[in-house]
Amino acid sequence: MPRVTTEYRQARRDEIAEAAMRCFVERGFQATSMADIIEASGLSAGAIYGHYSGKQEIVLAVAERILGQRSVELLSLTSADVIPAPPEVIRSMVTRVADEFHGTRALLQVWAEAVVTPDITTLVDGVFGRVQKALRGYLAAWAAQNPHPSRPDPDVWADAIGPVLLGIGQGYVVQSSLLASFDADDYFAGVAALFRA
């Protein structure tokens, strides 16, 4: 019997996760059953359960992968010759997360589930903790590269502004999910205006 490679296993896990995310977007997290995910993936139940114990584990894996990657990207920015400004970074990060989650609604559903499901609460807290740490490092590096009298100590400024910038990203997810009149360009123009003030 041929040996299953790590790459093949990860590709199959990603395929299942993509099918699950499509179901969550179409039906909602609570209304999606494992049978729905099995049907959407085109795989057998055995193939699905060989990779994930249930839809909760799928959500945990997807969130870990997507938000973990954003943390890595933030950390990589700290060593750039020219570190991009916060409005540009937050727009890039938020829109990429939304794209990978098939829109912001699925992400908002995961957050809602985190309020009542301890395993997801723990994951969201851990992932956002890593994102916030990476964001703080990026902000401190950007502030050091772009000195200004309003932020004499880059580390102190980063500690103060990091949770606010994270909240701006979270606000994008909430508003774009719930408000029919939401305009992403206007939203990010407002973020840029905040940093010019």
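**Entry 1: His102**

I started with His102, which counts as partly exposed because its relative accessibility is 33%. The cut-offs I needed here are under 20% for buried and over 50% for exposed, so a value in between gets the middle label. Note to self: this is a predicted model, so I am reading a prediction throughout. His102 lies in the loop between helix 5 (86-100) and helix 6. What sign does the phi of His102 have? I looked it up: phi is positive, about 60°, although His102 is not a glycine. That made me stop, because most residues other than glycine have a negative phi.

**Entry 2: The whole chain**

I stepped back to look at the whole chain. How many helices and how many strands are there? I get nine helices and zero strands. Reading from the N terminus, I wrote the order down as α-α-α-α-α-α-α-α-α. The C-alpha atoms fill a box of roughly 65 × 45 × 30 Å along the principal axes. Of the 197 residues, 44% count as buried. I also checked contacts with a separation of 6 or more, and 65% of them come from residues 24 or more positions apart.

**Entry 3: Helix 2 and what follows**

I picked helix 2 (residues 34-41) and asked which of its residues are buried. My list reads Met34, Asp36, Ile37, Ile38 and Ser41. Where do these buried residues pack? They pack against helix 1 (6-27), helix 3 (45-49) and helix 4 (55-77). A reminder from class helps me look at a list like that: an α-helix has 3.6 residues a turn, so residues three or four places apart point the same way. Just after helix 2 I found another positive phi, this time about 75° at Gly42.

**Entry 4: Leu107**

Next I clicked on Leu107, which is in helix 6. Is Leu107 buried or exposed? Leu107 counts as buried because its relative accessibility is 4%. Leaving out residues up to four places away in sequence, I see Leu107 touching Val97, Phe101 and Val173. I also took the C-alpha distance from Leu107 to Val25: 9.2 Å in space, with their positions 82 residues apart in sequence.

**Entry 5: Asp81, for contrast**

Asp81 sits in the loop between helix 4 and helix 5. Asp81 counts as exposed, since its relative accessibility is 74%. I tried the C-alpha distance here too: Asp81 and Gln145 are 64 residues apart along the chain and separated by 9.2 Å.

**Entry 6: Helix 8 and its partners**

Two packed helices are described by the angle between their axes and the distance between the axes. That gave me two values to look up for each pair.

For helix 6 (residues 104-116) and helix 8 I noted an angle of about 115° and axes 9 Å apart. That angle is why helix 6 counts as roughly perpendicular to helix 8. Their crossing is left-handed. On the helix 6 side I listed Thr104, Arg105, Leu107, Leu108 and Trp111, and the residues they meet in helix 8 include Tyr172, Val173 and Val174. So my Leu107 from earlier turns up again.

Helix 8 and helix 9 pack at about 165°, with the axes 11 Å apart. At that angle helix 8 is roughly antiparallel to helix 9, because anything over 145 degrees gets that label. The contact involves Trp157, Leu165, Ile168, Gly171, Tyr172 and Gln175 of helix 8, and among the helix 9 residues are Tyr187, Phe188 and Phe195. I noted the crossing of helix 8 and helix 9 as right-handed.

**Entry 7: Rings**

How many aromatic pairs does the structure hold? I count eight. A pair of aromatic rings is described by the distance of the centres and the angle of the planes. I looked closer at Tyr172 and Phe182, an edge-to-face pair with 5.3 Å centre to centre and 75° between the planes. Tyr172 is in helix 8 (residues 154-178), while Phe182 is in the loop between helix 8 and helix 9 (184-196), 10 residues apart. Tyr172 counts as buried, given a relative accessibility of 9%. Which residues share an aromatic cluster with Tyr172? Phe182, Tyr187 and Phe188 do.

Last, I looked for charges over rings. Lys55 lies over the face of Phe29, 4.7 Å from the ring centre. The charged end of Arg151 sits over the ring of Trp157, at 5.4 Å from its centre.

Conventions: Residues are numbered from 1 along each chain as its sequence is written. This is a predicted model: local features need pLDDT of at least 70, side-chain atom pairs count only at pLDDT 80 or more; totals for chains, interfaces and linings use all residues. Side-chain values use heavy atoms; hydrogens and water are left out. Rings of Phe, Tyr and Trp (its six-membered ring) pair if their centres lie within 6.5 Å; planes under 30 degrees apart count as stacked, over 60 as edge-to-face and the rest as tilted. Helices (H or I, at least four residues) and strands (E, at least two) are DSSP runs, numbered from the N terminus. Buried means under 20% relative accessible area, exposed over 50%, partly exposed in between (1.4 Å probe, protein chains only). A charge sits over a ring if NZ of Lys or CZ of Arg is within 6 Å of the ring centre and within 35 degrees of the ring normal. Contact means heavy atoms within 4.5 Å. Axes are lines fitted to C-alpha atoms, for helices over the stretch in contact, and angles run from 0 to 180 degrees between N-to-C directions. Angles under 35 degrees count as roughly parallel, over 145 as roughly antiparallel, 65 to 115 as roughly perpendicular and the rest as oblique. A crossing is left-handed if the near helix is turned anticlockwise from the far one by less than a right angle, and right-handed if clockwise.
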